[in-house]
Amino acid sequence: MKTILTLESTCDETAAAIVTDSLEVLGSAVASQDELHRRFNGVVPEIAARAHVERILPVIDLALERAGVTLQSIDAIAVANCPGLAGSLLVGVVAAKTLCVALEIPLIAVNHVHAHIYACRLAAGFDIFPCVGFVVSGGHTSLFDCQNATEYDLLGGTIDDAAGEAFDKVASMLSLPYPGGPAVSMAAMNGDRTAFDFPRSFVRDPDRLQFSFSGLKTAVRYAITGPGRVDFSQVELSAEQVADLCASFEEAVVDCLVAKAFHALQKTGHKRLCVGGGVAANQRFREALSLQCDATGVELHIAPTELCTDNAVMGAIAIERMKAGKFEPLSMPIHAGLIR
Ligand code: KG4
Ligand code: ZN
C-alpha cells in the first residue's frame, strides 16, 4: 500500500490530508481563514498568503495525527499548484517541495479545479468517468468534458464573475456576512423567488457554454438602490425585502447553472454529471439539479457538502497521476490561472 500527503493552499483554506492508493482517506485537516477576511467582505490575497505560512505546518501535523501515521511513512507529496492566488499557491508548493527533498520522495501536481470534480469520484466509491464535470466555486464556474480521471477538456466558463463571487458580492450589498453563499442561501429560504425578474445570461443559447454574472449583480444593485444609483448609504431594507432579493438572485444563478450543465451534457453526449466546488453546497442548486437529472435520466454526482468547499481530501486525484507515473521536478512552477 502506498500513502500520499496532499496539500491545499490555493485560496483561503489551508488543508492537508493523508490518502492511500486505494483512495482510503486516513486523515484530514482544514484551517479556514474566514474570520480574517470577513471584515473586508472577500479574500485579501496578502493576508491569505501570510496566514497559510502560519498554518501549513500545524495543519500537516494535525492531518498526520488524525491518520495515525508519521511523515516517514509517506510515499509521495501532492500539492495544488494551480489555479489560485499566487502568494497562497507558493506556500503549499514550497512546503511540499521542502518535504520532498527532506524525505527523498516524489512530488505530484494537483490541479485544484480538477480536484473539485474528483471529490465526486471519492464519494461515489467507483469510477465516474467519462462525464461532464462542473466546478462552481468562489473563483471558477467551469464545465469540462472529462474523458477519464486525469484528462479534462474545458468546455466553457465564466466571462466575468464566478457564481460564488456573485453570491459573496450580493451578500456584501445586503450587509450579510462573508462568505456570502451560505448567508444569501439562508435568507433566501424565507423569500419569494419570483419577487424580482433578474437576468439569466445565455440560457437560451445552447451553443454558448459560458456564464456571465456581472449583469445579474448590477441588476441586484439597482433593485436595492433604484436604477442608475450606486450609493447604498440611504437604503434601508426590511427583512422581507432582503429575503426576496436573495431568493430571486439565488433562483437566477441556479437557473443559469442548471441550464448550462444540461447544454454541456447535450453537446458532449455524456449521460453523467459530476458537480463540485463551494456553490455545489447550495441546497437549492442541489435540488434543481436532482430534479432535472431524474427527469432526463442523467446520472448525477454532487460532492458531499463537506467536500464542496476547499479541502485537501480531493487532492486524492494525485493518486491517479501517481499510478500513471506522472511526477514533477522540484522546479515545478505555480500557475495562478486555469490551465485548459
Ligand atoms: O470551492 P470554494 O471553497 O473556494 C474556491 O475554490 O473558490 O468556494 C467558496 C465559494 C464562496 O464564494 C462561497 O460563498 C460559496 O462557495 N458557497 C456557497 C455556499 N457555500 C459556499 N454559495 C452558495 N450557497 C452555499 N450554500
Ligand atoms: Zn476551490
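How many residues apart are Arg-50 and Glu-46 in helix H2? Keep that in mind while you open the model, which is a predicted one, and start by selecting those two residues. They sit four residues apart in helix H2, so about one helical turn separates them. Show their side chains and you'll find them meeting in a salt bridge, with 2.9 Å from N to O. A search of the whole structure turns up twelve salt bridges, and the pair of Arg-50 and Glu-46 makes a handy place to begin.

**Zoom out**

Now bring the whole protein into view as a cartoon. You're looking at ten helices and ten strands. The radius of gyration is 20 Å, close to the 20 Å that the globule rule gives for 340 residues, so the protein is as compact as a globular protein of that length. Turn the protein along its principal axes, and the C-alpha trace spans about 60 × 45 × 30 Å.

**Colour the two domains**

Next, select 3-116 together with 310-323 and give them one colour: that's domain 1. Then pick 125-307 for domain 2. The centres of the two domains, taken over C-alpha atoms, are 27 Å apart.

**Look at where they meet**

Which residues of domain 1 lose the most area to domain 2? Before picking them out, take in the interface as a whole: about 1,400 Å² is buried between the domains, and carbon and sulfur atoms give 65% of that. The residues to select in domain 1 are Asn-41, His-114 and His-116, which together account for 40% of what that side buries.

Widen the selection to everything in contact, and you'll have 17 residues of domain 1 against 13 of domain 2. If you go hunting for salt bridges across this interface, the count is zero. Polar contacts do turn up, in five residue pairs between domain 1 and domain 2. To see what domain 1 brings to the interface, highlight helix H1 (34-37), helix H4 (112-124) and helix H10 (317-323); each supplies at least two residues of the side that touches domain 2. Colour that side by residue type and you get six nonpolar, six polar and five charged residues.

**Stop at Asn-41 again**

Go back to Asn-41 and look at its backbone this time. Asn-41 lies in the loop between H1 and helix H2 (45-67). Its phi is positive, about 60°, although Asn-41 is not a glycine.

**Two prolines to finish**

Where is Pro-83 placed? Look in the loop between strand S4 (76-82) and helix H3 (86-103). Select Cys-82 along with Pro-83 and check the peptide bond that joins them: it is cis, with omega near -25°.

For the last stop, move to the loop between helix H5 (163-173) and helix H6 (180-188), where Pro-179 has its place. Add Tyr-178 to the selection, and you'll see that the peptide bond from Tyr-178 to Pro-179 is cis, with omega near -5°.

Methods. Residues are numbered from 1 along each chain as its sequence is written. Chains are lettered from A and ligands numbered from 1 in the order in which they are written. This is a predicted model: local features need pLDDT of at least 70, side-chain atom pairs count only at pLDDT 80 or more; totals for chains, interfaces and linings use all residues. Side-chain values use heavy atoms; hydrogens and water are left out. Domain bounds come from an automatic or database domain assignment. Contact means heavy atoms within 4.5 Å. Buried area is the accessible area (1.4 Å probe) that two parts lose on being put together, summed over both. A salt bridge is a side-chain nitrogen of Lys or Arg within 4 Å of a carboxyl oxygen of Asp or Glu. A polar contact is a pair of N or O atoms within 3.5 Å; within protein, one must be able to donate a hydrogen and the other to accept it, and residues adjacent in sequence count only if both atoms are side-chain atoms. Ala, Val, Leu, Ile, Met, Phe, Trp, Tyr, Cys and Pro count as nonpolar, Asp, Glu, Lys and Arg as charged, and the others, Gly among them, as polar. The radius of gyration is taken over C-alpha atoms; the globule rule is 2.2 Å times the number of residues to the power 0.38.
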